[in-house]
Amino acid sequence: MTAFDVRILGSGIVSRAAALALARQGLRVALQARPPTAAGAAPDVRAYALNPASVALLTGLRAWDTLPADARTAVHDMQVHGDAPGAQIAFSAWSQRVPALAWIVDAAALETVLEAAVAYSPLVTVMPEPGAAALTVVAEGKASALREQLGVRFERHDYGHAAVAARLVADRPHTGVARQWFRSPDILALLPFDRPEAGRSYGLVWSLPAEQATHWRDAPVAEFEAALNEATGGQAGRLSLGSERASWPLAIARASAVSGPGWALVGDAAHLVHPLAGQGLNLGLADVAALAQVLAAREAWRALGDADLLRRYARRRAAGTWAMSQATDGLWHLFAHDQPLLRELRNRGLGLVNRLAPVKRWLVGRALDA
Ligand SMILES: Cc1cc2nc3c(=O)[nH]c(=O)nc-3n(C[C@H](O)[C@H](O)[C@H](O)COP(=O)(O)OP(=O)(O)OC[C@H]3O[C@@H](n4cnc5c(N)ncnc54)[C@H](O)[C@@H]3O)c2cc1C
């Protein structure tokens, strides 16, 4: 008999959430340690938009309420601007009858809180190379090595764009409003946040053609701030840089299979989406919730690594993941090209959707529970 029921490979947010979720069922979990090379790396400057389903999962894992108050900010309103004057769509938590449209969370703080929760869990053992177990959960991220060894293809399309992320400080309060500009070809998002300055900060995610992204990541601060203020037109106030900048290449990808005998893929190891809708981590946490539910509901005689059991997990995630990757990819293509007809159509479309309350409610519903 092996010492562990489950081994989890990968050392990100999804792997830790999976370890905690499975340990809560009484399973003995071996979780891969963060590689020593990661120690001393610069803290992640990203602020993630999390949906209520992710927040519910993290609350159940006792990781949400332990986040410092300034590491999570509720989004009450969202304004999305097209690339023609007046083309915009607005969402509000009030009109959607939900307490918040999303929460913006400090990526580094979430990692720290999960790491502490894992350290307190008597059923989770953190080790560099977890040995064999009945079930292997692969949460190694987009460059997963085990996925390749399992013979799973990762069908990937590079957008040729990269996202520049940073923290910003505005000269006026954010009032819980998230803003996004589809500027063709770039997409700029400001996520209301409380770090570094309570009530006046934003997490920036600016997706641009790769060369421009490199340019703006490395440009002198004054030049960068001028470009940022020009792009946002002062709608969020005057913005200045509040952190280092970092950039990530962007791609869409899907694993050819997410489960097999004795293994399951979760998080970015299973699917990669453009961050324009802030859904990648939400999808990964939804994978964790689904896998935990499937394992908890298994028949007493069924082994944890049973291929039919794990197929239930794959089936449960297939439609939601496919729909989200199609939606983000479709939006990207709609706004990436600067053809006059396409511009006319997309901007009219934004205005139309803005006037159709049921369609808006449906769109928000999809985003709320990825
Ligand atoms: C700019 C940007 C903004 C984003 N914003 C949002 C957002 O607002 N909302 C949202 O939901 N999502 C967002 N995402 C997506 C989100 O970042 C990812 O979906 C999420 O980080 C995936 O988590 P993961 O744990 O699956 O993978 P990862 O974060 O990649 O973690 C896997 C980790 O495992 C490690 N690992 C791999 N192999 C080993 C090994 N052998 N030993 C030890 N460690 C190993 C890797 O180094 C990595 O650190 C954004 C992405 C980008 C690029």
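Counting by class here, Ala, Val, Leu, Ile, Met, Phe, Trp, Tyr, Cys and Pro are nonpolar, Asp, Glu, Lys and Arg are charged, and the others, Gly among them, are polar.

## What you're looking at

This is a predicted model, where local features need pLDDT of at least 70, side-chain atom pairs count only at pLDDT 80 or more, and totals for chains, interfaces and linings use all residues. Residues are numbered from 1 along each chain as its sequence is written, and side-chain values use heavy atoms, with hydrogens and water left out.

## Around the ligand

Which residues are closest to the ligand? Of the 24 that surround it (a heavy atom within 4 Å), the closest are Ser-11, Tyr-48, Ala-49, Asp-268 and Leu-281. By class, the shell splits into 11 nonpolar, 10 polar and three charged residues.

As for secondary structure (DSSP runs numbered from the N terminus, with helices being H or I of at least four residues and strands E of at least two), at least two shell residues each come from α1 (13-23), β3 (47-50) and α8 (280-296). The top contributor is α8, with three residues.

## Polar contacts and burial

A polar contact here is a pair of N or O atoms within 3.5 Å; within protein, one must be able to donate a hydrogen and the other to accept it, and residues adjacent in sequence count only if both atoms are side-chain atoms. On the side-chain front, Tyr-48 has an N or O atom 2.9 Å from a ligand oxygen, while for Arg-46 the distance to a ligand oxygen is 3.2 Å. Asn-282 joins in through its backbone, with an N or O atom 2.9 Å from an oxygen of the ligand.

On its own, the ligand exposes 1000 Å², and the protein buries 77% of that. Those areas come from the Shrake-Rupley method with a 1.4 Å probe; for residues, only the protein chains shown count as cover.

## How α1 and α8 pack

The axes of α1 and α8 sit 10 Å apart, at an angle of about 20 degrees. Axes are lines fitted to C-alpha atoms, for helices over the stretch in contact, and angles run from 0 to 180 degrees between N-to-C directions. That makes the two helices roughly parallel (under 35 degrees; over 145 is roughly antiparallel, 65 to 115 roughly perpendicular and the rest oblique).

## Backbone oddities

Most residues other than glycine have a negative phi, and most peptide bonds are trans. Here, the Ser-184 to Pro-185 bond is cis, with omega near 10 degrees, and Pro-185 sits in the loop between β11 (177-182) and β12 (187-193). The bond from Arg-195 to Pro-196 is cis too, with omega near 10 degrees; Pro-196 is in the loop between β12 and β13 (201-209).

Where is Arg-97? Look in the loop between α3 (93-96) and β7 (102-106); its phi is positive, near 60 degrees.
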